[in-house]
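Please look over the sequence and the structure shown here before you start on the exercises. Each exercise sets a task, and a worked solution follows it.

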Amino acid sequence: MSNWRIGSVNGALLAAYFIPVWGMIAYGIMFAPVHALYEQPNISAALFVSDHLNVAGMNLVRLAWLLALGRFAAIAFFAVFLALLCWPATRKSGACDEALCIALCIGGLISFVCMVMASQVGEPGALRLHATELLMMLGTAIVLIFDQPTQKAAPTSDVALRQLQLASNR
């Protein structure tokens, strides 16, 4: 357990939440777009789009599928992060953080937009849900910024530099 960074653990816990929850939401939208769009996690987007943008019918279904596609994209990057987290060398070097950062950007954008929409249409339950998800993602992003992987010290002695030059000249 000594090679686990706090950012890796935080990202894994976040992925353990978002993969199943957003997966069920996106799966519901995929097979019953209008019905799933008017459930609690998506009601703010449905009401905002139908009321303020005057979108109805098939265009509402297309927007629902676009929302599901965005959620599936975030899920895919969370899954890639978890897969890369399995290798100790990748975990120690922080190479798996790129997938997590992309997932956080996509998910944070979706949660922020849905939060703004919920505040505009007056849905307090959806507002709390999206604000909570956004704060979880922002907290993980802050942890990733300050929890950088340890870098190996560069050799500073003259002998070590000559050995490096000899090794590269072969």
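The exercises below deal with cysteines, charged pairs, buried residues, helices and aromatic rings.

The model is predicted, so local features need pLDDT of at least 70 and side-chain atom pairs count only at pLDDT 80 or more, while totals for chains, interfaces and linings use all residues. Residues are numbered from 1 along each chain as its sequence is written, and side-chain values use heavy atoms, with hydrogens and water left out.

**Exercise 1. Cysteines**

Task: Find how many disulfides the structure holds, and explain the state of Cys 101.

Solution. Begin with the rule, by which a disulfide is a pair of cysteine sulfur atoms within 2.5 Å. A search of the whole structure with this rule returns 0 disulfides. Cys 86 is accordingly in no disulfide, and the nearest cysteine sulfur, that of Cys 96, is 9.7 Å away. For Cys 101 the closest cysteine sulfur belongs to Cys 105, at 6.6 Å, which is too far for a bond.

Next, consider accessibility, where buried means under 20% relative accessible area, exposed over 50%, and partly exposed in between (1.4 Å probe, protein chains only). Cys 86 is exposed, with a relative accessible area of 59%, whereas Cys 101 is partly exposed, at 36%.

**Exercise 2. Salt bridges**

Task: Determine how many salt bridges there are, and state which residues are linked in a network.

Solution. Side chains of opposite charge can pair when their charged atoms come close. The rule used here asks for a side-chain nitrogen of Lys or Arg within 4 Å of a carboxyl oxygen of Asp or Glu, and by this rule the count comes to 2 salt bridges.

Take the pair of Asp 97 and Arg 5, in which the closest N and O atoms are 2.6 Å apart. Asp 97 lies in helix H6 (residues 97–121) and Arg 5 in the segment before helix H1 (6–31), so this pair ties together parts that are 92 residues apart in sequence. Helices here are DSSP runs (H or I, at least four residues), numbered from the N terminus.

Now take the pair of Arg 5 and Asp 147, whose closest N and O atoms are 3.7 Å apart. Asp 147 belongs to the loop between helix H7 (124–146) and helix H8 (158–168), and the two residues of this pair are 142 residues apart.

Finally, join the two results: Arg 5, Asp 97 and Asp 147 are linked in a network of salt bridges. Arg 5 is buried, with a relative accessible area of 10%, and Asp 147 is buried as well, at 17%, while Asp 97 is also buried.

**Exercise 3. Ser 111 and helix H7**

Task: Decide whether Ser 111 is buried or exposed, and then describe what the buried residues of H7 pack against.

Solution. Ser 111 is placed in helix H6, and its relative accessible area of 1% makes Ser 111 buried. Contact means heavy atoms within 4.5 Å, and, not counting residues up to four places away in sequence, Ser 111 touches Trp 22, His 130, Glu 133, Leu 134 and Met 137.

Turning to H7, its buried residues include His 130, Glu 133, Leu 134 and Met 137. The buried residues of H7 pack against H1, helix H3 (43–51), helix H4 (58–84) and H6.

H3 can be treated in the same manner: 7 of its 9 residues are buried, among them Phe 48 and Val 49, and what covers them includes helix H2 (33–37), H4, H6 and H7.

**Exercise 4. Aromatic rings**

Task: Find how many aromatic pairs the structure holds, and classify the pair of Phe 18 and Trp 22.

Solution. Rings of Phe, Tyr and Trp (its six-membered ring) pair if their centres lie within 6.5 Å, and planes under 30 degrees apart count as stacked, over 60 as edge-to-face and the rest as tilted. The structure holds 4 aromatic pairs. The ring centres of Phe 18 and Trp 22 are 5.0 Å apart and their planes stand at 85 degrees, so the pair is edge-to-face. Both residues lie in helix H1, 4 residues apart, about one turn of the helix. Phe 18 counts as buried at 0% relative accessibility, and Trp 22 does so at 1%.

The last step is to place the pair in its setting, since Tyr 17, Phe 18, Trp 22 and Phe 78 form one aromatic cluster.
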